[in-house]
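Good morning, everyone, and thank you for giving me a few minutes. Please look at the structure on the screen while I talk, and stop me if I lose you.

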Amino acid sequence: MGLLKADVVVIGGGAAGSMCALTAAQRGLSVVLLEPNKMLGKKLRITGKGRCNVTNHCDVKTILANIPGDGRFLYSALNRFEPRDTMALFESLGVPLKTERGNRVFPVSDRSHDIANALERAYAHAGGRVLHAAATDILTRDGAVSAVVTTDGTIDCDAAVVCTGGMSYPLTGSTGDGYRFAQQFGHTVTPLRASLVPLESNDPWCAEMQGFSLRNVTLTVYDEHNKQVYSDLGEMLFTHFGVSGPLVLSASAHMRDFSQHSYRLSIDLKPALDEKKLDARILRDFSAAQNRDFENSLSALLPRSMIPVVIARSGIDPLQKVNSITKQQRRALLETIKCFSVPIACKAPVEDAIVTSGGVKVSEVSPKTMESKLVKGLYFAGELLDVDAYTGGFNLQIAWATGRLAGNSCAQEG
């Protein structure tokens, strides 16, 4: 390897790492970005189903409200690089953006590659270099970073920024190496859990309906005390192991501890109709099908894939004539439609999660610079830190903001 010296080595070419490397290079520093994958931003390129929810068009207070636990650590980073700054940056890099429901921001092209490619081009234009190799060790001298050892040689440097992501999507390169580096220097790594992840259920009906998606339904999560934990309107999907889809991923972030709590989902299949209006609707449908079997009377009310399940749960004989259905049976049908219950056994593995919850303990990192409080010249940014948010572009904003702050802080003179 010809390159033996740099001001900064950024370990990991994801969202935080690319932003950090670009920022440092734009300051005129000599920067090497280490990324074992053949392309930068491999995980970034698949986020949002390949559309990339770049950020959330909101203020800092709203972002902090969408971070479970203590998000105050991010106050400085987010105030220095707000969502509007993220949007302005990508617009300036030639990526037009649009704002959709819930203030979610996407490229107009609906192509996450445009975001990753824009960062890559800007970084190259700023004189930054990419080395497609993995970091194997970080060396220190007199309590400060002195070099990064890679699979392609050793790079002497004044600062190393660890942006290796969490444990989610390991095929994209998030293999947990960053946690090892942090622990090597005495940093605490809090327990790692899945967040924004599908949910597993032992309910056999989920497998019966696998591949079937629901739109415009209200999903509510209850704990074992029947206390509401989360509720929202949107889309979800039944799978062979349970449930997934945007609503479920969002809900999972609120289901923090399965060792202490049990959870169930309640799905309102007709949220636009209150109970009185739904009952009137059922009566209308029944009056038009009085001589039919019950199983043949619901096609106008429910999706075909759900009819056998709803019938079974209502307790009504599918062959019973509609004209003989009682008020009590009709009530059972209504409750099944308004409160379709799915017991949840656990979250899917962290490898299947969009985001990892847990990570490098933030009390051991300076919130004003992202520098380690234990080792001079060692910085952390992105998902590796023990901060995660709900879905909606908030996690990427955290990556941009912490990466930007680390890139502006590293290798400062004096």
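Let me begin with a single residue: glutamine 210 touches Phe238, Thr239 and His240, leaving aside residues up to four places away in sequence. Please keep in mind from the start that what we are looking at is a predicted model. Glutamine 210 sits in the loop between helix H7, residues 204–208, and strand E12, residues 213–223. The C-alpha atom of glutamine 210 lies 7.6 Å from that of leucine 237, although 27 residues separate the two along the chain.

From that loop we can move on to the sheet that contains E12. Seven strands make up this open sheet, and if you read across it the order is E16-E15-E12-E13-E14-E11-E17, with antiparallel pairing. At the edges are strand E16, residues 340–344, and strand E17, residues 346–347, each of which pairs on one side only. If we follow E17 inward, we find that two bridges join it to strand E11, residues 199–200, and that these two strands run antiparallel. In this pairing, leucine 199 stands opposite lysine 347 of E17. A helix also packs on this sheet, namely H11, residues 327–338, which touches E16 and strand E15, residues 263–268, and whose direction makes about 110° with that of E15.

H11 has a helical neighbour as well. The axes of H11 and helix H10, residues 307–314, cross at roughly 125° and come within 9 Å of each other. How should we describe the way these two helices are oriented? With an angle of roughly 125°, H10 and H11 are therefore oblique to each other. The crossing of H10 and H11 is right-handed. On the H10 side the contact is made by Val310, Arg313 and Ser314, and on the H11 side by Ala332, Leu333, Thr336 and Ile337. Sorted by character, the residues of this contact are four nonpolar, two polar and one charged.

It is useful to set a second helix pair beside that one. Helix H1, residues 15–26, packs with helix H12, residues 394–409, at an angle of about 30°, and their axes are 7 Å apart. Since angles under 35 degrees count as roughly parallel, H1 and H12 are therefore roughly parallel to each other. The crossing of H1 and H12 is right-handed. Among the residues that meet here are Met19, Cys20 and Thr23 in H1, and Leu396, Trp400 and Arg404 in H12. The residues of this contact divide into nine nonpolar, five polar and one charged.

Now let us turn to strand E1, residues 5–11, which is mostly covered, with five of its seven residues buried. What does E1 pair with? E1 runs parallel to strand E9, residues 153–162, and is joined to E9 by six bridges, while four bridges join E1 to strand E2, residues 31–34, which also runs parallel to E1. Alanine 6 has cysteine 157 as its bridge partner in E9, and valine 9 stands opposite valine 32 in E2.

Finally, there is an open sheet of three strands in the order E3-E5-E4, where the pairing is antiparallel. Its edge strands are E3, residues 55–56, and E4, residues 97–99. Three bridges hold the antiparallel pairing of E4 with strand E5, residues 104–107, and threonine 99 stands opposite valine 105 of E5. Thank you, and I am happy to take questions.

Note on methods. Residues numbered from 1 in each chain as written. Predicted model: local features only at pLDDT ≥ 70, side-chain atom pairs only at ≥ 80, totals over all residues. Heavy atoms only, no water. Axes fitted to C-alpha atoms, helices over the stretch in contact; angles between N-to-C directions. Parallel < 35°, antiparallel > 145°, perpendicular 65-115°, else oblique. Left-handed = near helix turned anticlockwise from the far one by under 90°. Contact = heavy atoms within 4.5 Å. Nonpolar A, V, L, I, M, F, W, Y, C, P; charged D, E, K, R; others polar. Pairing = 2+ DSSP bridges. Buried < 20%, exposed > 50% of the residue type's maximum accessible area, 1.4 Å probe, protein only.
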